[in-house]
Structures are given as C-alpha cells and as structure tokens.
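Let's take a walk through this protein together, one piece at a time. Keep the picture in view and follow along as we go.

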Amino acid sequence: PRSYFAWQVIGHWHQRRGELSTAREAFRRSLQLNPVNVPTLHAWGVLEWRCGHTELAAKLFKDALTIRPRNPFVLQSWACMEARSGSSDGAARLFRAAAT
C-alpha cells in the first residue's frame with residue numbers, strides 16, 4: 001500500500017497475531033511514508049516495550065514527543081514503562097506531564 005495509515009493498521013494486525021517482526025516492518029514502512037506519524041511511533045514503542053526492548057521503546061516515545069510534546073497517550077505509555085522498570089522518578093515526571 002501507498003498509505004501510511006494502511007501500514008499502521010497492518011502493523012497492529014500483525015502485532016495482535018504475534019507476528020512481531022512483520023509488525024515492526026509495517027510500522028517502519030508507515031514511518032517511511034509519514035515520518036511524523038505519532039500514532040505509529042507510539043504503537044511501535046508499545047510493541048518494543050512489551051518485547052522488553054525498553055531502550056528502543058524510549059527512543060520511539062521520545063521521537064513521538066519531539067513531534068507532539070504533550071501527547072497524553074505517548075506520555076502515559078512511557079510513564080507506565082518507566083514505572084514497571086523501577087524508575088519512579090521518571091514515571092512521576094511523565095505522569096505529571098500527561099496530566100497537565
């Protein structure tokens with residue numbers, strides 16, 4: 001497809017089926033077509049977080065927040081990841097940002 005949104009949906013579909021490398025490729029293609037697509041960055045970040053790749057997830061969340069600094073979905077996901085990783089200070093900072 002030539003639609004970034006179609007690739008984003010394909011990525012979600014593969015993720016739900018457990019086909020994670022194919023999901024990653026779909027998210028990558030979505031971002032090739034629209035590099036500032038925050039929902040794709042967020043979805044890919046959540047995928048990496050759930051796979052235990054927290055450094056990559058944090059980079060994707062940071063990239064998303066560079067585009068949309070107040071995006072509550074990205075802030076909340078990143079805060080939850082930080083909290084579960086034991087970084088209560090980082091989590092608190094991100095939760096505060098999401099709440100304001």
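Helix 1 covers residues 4–16, and its length is easy to check: at 1.5 Å a residue, its 13 residues should span 18 Å, and the end C-alpha atoms are 19 Å apart, which agrees. Bear in mind that this is a predicted model. Which residues of helix 1 are buried? They are Trp 7, Gln 8, Gly 11, His 14 and Gln 15. Look down the axis of helix 1 and you'll find these buried residues within an arc of 125 degrees, so they line one face of the helix. There's a handy rule behind such patterns: an α-helix has 3.6 residues a turn, so residues three or four places apart point the same way. As for what covers the buried residues of helix 1, the list includes helix 2 (20–33) and helix 3.

Now look at the two ends of helix 1. At its start, a side-chain oxygen of Ser 3 comes within 3.2 Å of the backbone nitrogen of Phe 5. Just after the helix sits Gly 18, with a positive phi of about 80 degrees.

Next, hop over to helix 3, which runs over residues 38–50 and holds Thr 40. Is Thr 40 buried or exposed? Its relative accessibility is 0%, so Thr 40 counts as buried. Who is around it? Setting aside neighbours within four places in sequence, Thr 40 is in contact with Gln 8, Phe 27, Ser 30 and Leu 31. You've already met Gln 8, one of the buried residues of helix 1. With Ser 30, the link is also a polar contact between side chains, at 3.0 Å. The side chain of Thr 40 makes another polar contact, with the side chain of Asn 37, at 2.5 Å.

Time for some charges. How many salt bridges does the structure hold? There are five. One of them pairs Glu 48 with Arg 24, whose closest N and O atoms are 2.5 Å apart. Glu 48 lies in helix 3 and Arg 24 in helix 2, so this pair ties together parts that are 24 residues apart in sequence. The two partners sit in different surroundings: Glu 48 is buried, with a relative accessible area of 1%, while Arg 24 is partly exposed, at 21%. The cut-off for buried is under 20%.

Stay in helix 2 for another salt bridge, this time between Arg 29 and Glu 25, with the closest N and O atoms 3.0 Å apart. Arg 29 and Glu 25 are four residues apart in helix 2, which means that about one helical turn separates them. Arg 29 counts as partly exposed at 34% relative accessibility, and Glu 25 is partly exposed too, at 27%.

You'll find a similar spacing in helix 4. There the side chains of Lys 59 and Asp 63 meet in a salt bridge, 2.6 Å from N to O. Lys 59 and Asp 63 are four residues apart in helix 4, so they too are separated by about one helical turn. Lys 59 is partly exposed, with a relative accessible area of 47%, and Asp 63 is partly exposed at 27%. Salt bridges can also share partners: Glu 25, Arg 28 and Arg 29 are joined into one network that way.

What about aromatic rings? The structure holds one aromatic pair. The rings of Phe 61 and Trp 78 have centres 6.3 Å apart and planes at 40 degrees, so the pair is tilted. Phe 61 belongs to helix 4 (residues 54–67) and Trp 78 to helix 5 (residues 72–84), so the pair ties together parts 17 residues apart in sequence. Both partners count as buried: Phe 61 has 0% relative accessibility, and Trp 78 has 14%.

That brings us to helix 5. Its 13 residues should span 18 Å at 1.5 Å a residue, and its end C-alpha atoms are 18 Å apart, which agrees. Its buried residues are Val 74, Leu 75, Ser 77, Trp 78, Ala 79, Met 81 and Glu 82. Their cover includes helix 3, helix 4 and helix 6 (88–99). At the N-terminal end, Asn 71 caps helix 5, with a side-chain oxygen 3.0 Å from the backbone nitrogen of Phe 73. After helix 5 comes Gly 86, whose phi is positive, near 95 degrees.

Terms used: Residues numbered from 1 in each chain as written. Predicted model: local features only at pLDDT ≥ 70, side-chain atom pairs only at ≥ 80, totals over all residues. Heavy atoms only, no water. Buried < 20%, exposed > 50% of the residue type's maximum accessible area, 1.4 Å probe, protein only. Polar contact = N/O pair within 3.5 Å; in protein donor to acceptor, adjacent residues only side chain to side chain. Contact = heavy atoms within 4.5 Å. Expected span 1.5 Å × (residues − 1). Arc of directions from axis to C-beta. Phe/Tyr/Trp six-rings, centres within 6.5 Å; stacked < 30°, edge-to-face > 60°. Salt bridge = Lys/Arg side-chain N within 4 Å of Asp/Glu carboxyl O.
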